[in-house]
Amino acid sequence: MEINLPRVLSSSPPYLHHQHEGNSSFLYLLPISFLYVNSNSTTIIIPKPVREYLGYSLDLGVLYYVYMGLLAVFLTNTINIYAGVNGLEVGQSLVIGVSIIIFNITEILISKDPNIINNHIFSLYLIIPFVATSYALYQHNKYPAQVFVGDTYCYFAGMTFAVVAILGHFSKTMILFFIPQVFNFVYAIPQLFRIVPCPRHRIPILGKDCLEVSYAEFDLLPSNNQMVLTVMTTLGIAKATRKKCNNLTLINLYLLFSGPLPENKLVNRLLMLQIYCSILAFVIRYPVACIFYDS
């Protein structure tokens, strides 16, 4: 179901594809929800600074299942919108997958709770085959690509991460491994929510042997919408005039700072950024997290 449904939706009429393809993640999660409701808790541990107000733990009940659905939608779509150049979709998934393996092994080694150990062993059962197959795919998808993954792999990868995070009980840590994807989503909000016109494709354009920043062109915007672009331009994170602005993706933002780059160099630098962010995630997860949670 994870692989076939996006492909069916991608082949459907445009009105069905645009309105429902992203929301299909909720359907993928139904089997996991049925499994979870019979065997797991919906209780979360409260951070230390607010425990005197909320207590040590809080049972979210049905809200936890809403959270799981939103997590699945976010993880599947955030890879899909941070894409468009050879090797980036599979490459970022590989880095995240390897980070999850390292995290699981670390937790198995330091934990004394058999339930926690079993959760991370189960996570390894799922993520190791995913990383192995993704590595093989990356050999054909990296520049110059011989295979193009499209939406199918993005949704499959995102749902794999969602299942691993939910059944492995480390959804908060999983979000830490998605720092570039979270930034890309937040940065793109003006276009995703149509404050600024959003073209169908926002990938960089091909100049002379290099990729360059792509722009969205439009008529004059309402004053409030234009103010958003003015603020972003003032902060130096966008390049906009009254009738056009750069497409709001992390890929274009990187090109905005670096200038035009060959596609292979651009992807390699973005994947190095993903690796640096994974290192930062481990710093946050262990030394910093001890401030907010018990060891």
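Contacts between residues 24 or more positions apart make up 70% of the chain's contacts with a separation of 6 or more, a contact meaning heavy atoms within 4.5 Å. The model is predicted: local features need pLDDT of at least 70 and side-chain atom pairs count only at pLDDT 80 or more, while totals for chains, interfaces and linings use all residues. Residues are numbered from 1 along each chain as its sequence is written, and side-chain values use heavy atoms, with hydrogens and water left out.

The chain contains 13 helices and six strands, taken as DSSP runs (helices H or I, at least four residues; strands E, at least two) and numbered from the N terminus. Of its 295 residues, 43% are buried. Buried denotes under 20% relative accessible area, exposed over 50%, and partly exposed in between (1.4 Å probe, protein chains only). The accessible surface of the chain is about 15,400 Å², and carbon and sulfur atoms contribute 66% of that area.

Two residues are described individually.

| Residue | Location | Relative accessible area |
|---|---|---|
| Val283 | helix 13 (residues 263–292) | 41% |
| Cys198 | loop between helix 10 (179–192) and strand 3 (205–206) | 23% |

Val283 is partly exposed and belongs to a nonpolar surface patch with Met272, Ile275, Tyr276, Ile279, Leu280, Val288, Ile291 and Phe292, which together have about 790 Å² of accessible area. Such a patch joins nonpolar side chains (Val, Leu, Ile, Met, Phe, Trp, Tyr) within 5 Å, from residues with over 30% relative accessible area and no salt bridge, that is, no side-chain nitrogen of Lys or Arg within 4 Å of a carboxyl oxygen of Asp or Glu.

Cys198 also counts as partly exposed. Its C-alpha atom is 7.7 Å from that of Asn247, a residue 49 positions away along the chain.

Technical notes. Areas by Shrake-Rupley, 256 points an atom, 1.4 Å probe, with all protein chains shown as cover. Patch = residues over 30% accessible without salt bridge, like charges linked within 9 Å, V, L, I, M, F, W, Y side chains within 5 Å.
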